Amino acid sequence: MNVSDTEIIWSILKKTGYQKTDTMTEADVILLVTCAIRDAAEQKIWHKLVHLKHYKKWRSLRSDKPPLKVGLLGCMAERLKHKLLETDKIVDVVAGPDSYKDLPRLLSLTEDNQTAINVILSYDETYADVTPVRINQDSVTAFVSIMRGCDNMCTYCIVPFTRGRERSRPIASILDEVSHLSDQGVKEVTLLGQNVNSYRDLSESKFATADKSDPKLAAGFKTVYKPKVGGLRFSDLLDKVSQINPEMRIRFTSPHPKDFPDEVLQLIAERPNICRNIHLPAQSGNSTVLERMRRGYTREAYISLVEHIREIIPDISLSSDFICGFCGETEEEFADTISLMQMVKYNMAYLFAYSMREKTTAHRRHEDNVDPKVKQDRLRRMITIYRTEVQKLNEAMIGRQYLVLVEKKSRKSEFNMQGRTSGNIKVIFPRGSIQDNRCTTKSRNIEAGDYVVVQIINANSQVLKGIPLYHSSITQYALSTGNHYERMAYNL
Ligand code: 5AD
Ligand code: SF4
């Protein structure tokens, strides 16, 4: 999300005449795009600010340079507001996630040695009219933000307070951006939002009657806010985005387990360019903890959803987020998280120790009473279980072939390339020239942005290793492996 926001910020500043530099000593303005989700994220920024304080002082002694300006942007700005200007006088500009269009004005105020702040949250700002400028222009993958904010109010989470109310970006501007990225040669787009399956584009009146039915939540799921009615839904967006270029992969993150529509699952099953990976944040495997977290589902409902997803898309890879040590979490409750991880078997998991955030319901109603040492011990246990399970999943892929989107040279060896399967699993394989397609003797080099069929020969818990066999495309590969959607299109 912050990478995506940085691209919006950079677009706004570029238009006003600012230039970007990768060398800190060349910069007259340094902006930090911050996160507030856990205390550790904020601590990183405090350390950076101490460093910048010394640097600012050192630079002020040099008469040939204008005074350095430091801006603190994003969720930490929204959370701490004026306090940031009061502390140590390092920060000149404070801008919350909805005030990036005001940055040129805020920065100009600092020219008279003033400080400037805008932390007003908006009901409708989606930056739909800002075309983000990609930070890494050569990358074959890109992020596209489809909505902002969150209305879910999970009791542990600061996001609804720092990013404000949920609002969806109009579909037309999303489609424009994705088409533009496709024209630039981008091969994979990730649609971003805090809760993508509650996406609703209510902006176009001609679509406003598309679906007036009250969305029904499956048994075992409930929501704290009234689901939006009418307009275009996430499945409509996914349908349209995936038709822009059948050779462009589409991913999305994050859906919320509480309202997972079948239409989305059907689309993933049918469209070979919608990636076979779903991020399904569980947070805990225990129903009482889930209730305290106000997640809107029970362990049983979550497991039923996983089974349902696997019925419709048997080769789906699943990822998740888990928090250990939430207020009052007992050893038995934590054991349910471990057992859920063992039962579901995730291809990827983001694991966190609970960090109490002010303003949240948990801060008001519950006590952060799990000993920090116990939290860390539980975190270690989650990591061990996750690694053991994912190693087994990855080893089971040895000997099989996968269509891999080549992303770049491997970081560890210039003789290797790295890419990802549709299930979002990293694959490393040697560079070089391979067959142009399955039925030819002609060969060509493997480049970033190519689709290559790779045979897996080795695996650990983090990465697969393979041998590249031949170049292919999403469409060709789906035809050769008998993907249902492709067969239907072919018969027509
Ligand atoms: N402490 C620890 N982890 C948290 N997350 C959100 N809030 C907290 C918190 N207070 C985690 C959740 C969420 C992910 C983005 O961050 O797992 O899904
Ligand atoms: Fe936070 Fe819950 Fe919203 Fe995710 S869904 S951003 S965890 S409040």
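Biologist: Let's start with R381: leaving aside neighbours within four places in sequence, which residues is R381 in contact with?
Modeller: Keep in mind that we're looking at a predicted model. R381 has its place in helix α14, residues 372-395. Skipping the neighbours within four places in sequence, the contacts of R381 are E331, F334 and I338.

Biologist: And how does R381 count in terms of accessibility?
Modeller: Buried needs under 20% relative accessible area and exposed needs over 50%. R381 comes out at 32%, so R381 counts as partly exposed.

Biologist: What separation is there between the C-alpha atoms of R381 and E111?
Modeller: Along the chain, R381 and E111 are 270 residues apart. In space, their C-alpha atoms are separated by 52 Å.

Biologist: Let's move to R357. Is R357 buried or exposed?
Modeller: R357 is found in the loop between β14 and α13 (361-365). Leaving out neighbours within four places in sequence, R357 is in contact with several residues, including E42, R79, I158 and H363. The relative accessible area of R357 is 3%, and because the cut-off is under 20%, R357 is buried.

Biologist: Which residue's backbone oxygen does the side chain of R357 reach?
Modeller: A36, I37 and R38 are among the contacts of R357. The side chain of R357 reaches a backbone oxygen at 2.9 Å, and that oxygen belongs to A36.

Biologist: Now for ligand 1. Which residue offers a side-chain N or O atom 2.6 Å from an oxygen atom of ligand 1?
Modeller: The residues around ligand 1 include I37, R38, Y156, Q283, S355 and R357. A nitrogen atom of ligand 1 is 3.1 Å from a polar backbone atom of Y156, and a backbone N or O atom of S355 lies 2.7 Å from a nitrogen atom of ligand 1. The side-chain partner at 2.6 Å from a ligand oxygen is Q283.

Biologist: How much of the area that ligand 1 exposes when taken alone does the protein bury?
Modeller: Elements giving two or more residues to the shell around ligand 1 are β13 (317-324) and β14 (348-353). Taken alone, ligand 1 exposes 410 Å², and the share the protein buries is 87%.

Biologist: Last one, D201: how far away is the nearest side chain of opposite charge?
Modeller: D201 is found in strand β9 (residues 200-201), and a polar atom of the D201 side chain lies 2.8 Å from the backbone nitrogen of I171. D201 also touches P170, G231 and L232, among others. D201 is buried yet has no salt bridge. The nearest side chain of opposite charge is K240, and its distance is 9.2 Å.

Conventions. Residues are numbered from 1 along each chain as its sequence is written. Chains are lettered from A and ligands numbered from 1 in the order in which they are written. This is a predicted model: local features need pLDDT of at least 70, side-chain atom pairs count only at pLDDT 80 or more; totals for chains, interfaces and linings use all residues. Side-chain values use heavy atoms; hydrogens and water are left out. Helices (H or I, at least four residues) and strands (E, at least two) are DSSP runs, numbered from the N terminus. Buried means under 20% relative accessible area, exposed over 50%, partly exposed in between (1.4 Å probe, protein chains only). Lys and Arg count as positive and Asp and Glu as negative; His and the chain ends are not counted. A salt bridge is a side-chain nitrogen of Lys or Arg within 4 Å of a carboxyl oxygen of Asp or Glu. A polar contact is a pair of N or O atoms within 3.5 Å; within protein, one must be able to donate a hydrogen and the other to accept it, and residues adjacent in sequence count only if both atoms are side-chain atoms. Contact means heavy atoms within 4.5 Å. A residue is near a molecule or strand if one of its heavy atoms lies within 4 Å of it. Accessible areas come from the Shrake-Rupley method with a 1.4 Å probe; for residues, only the protein chains shown count as cover.
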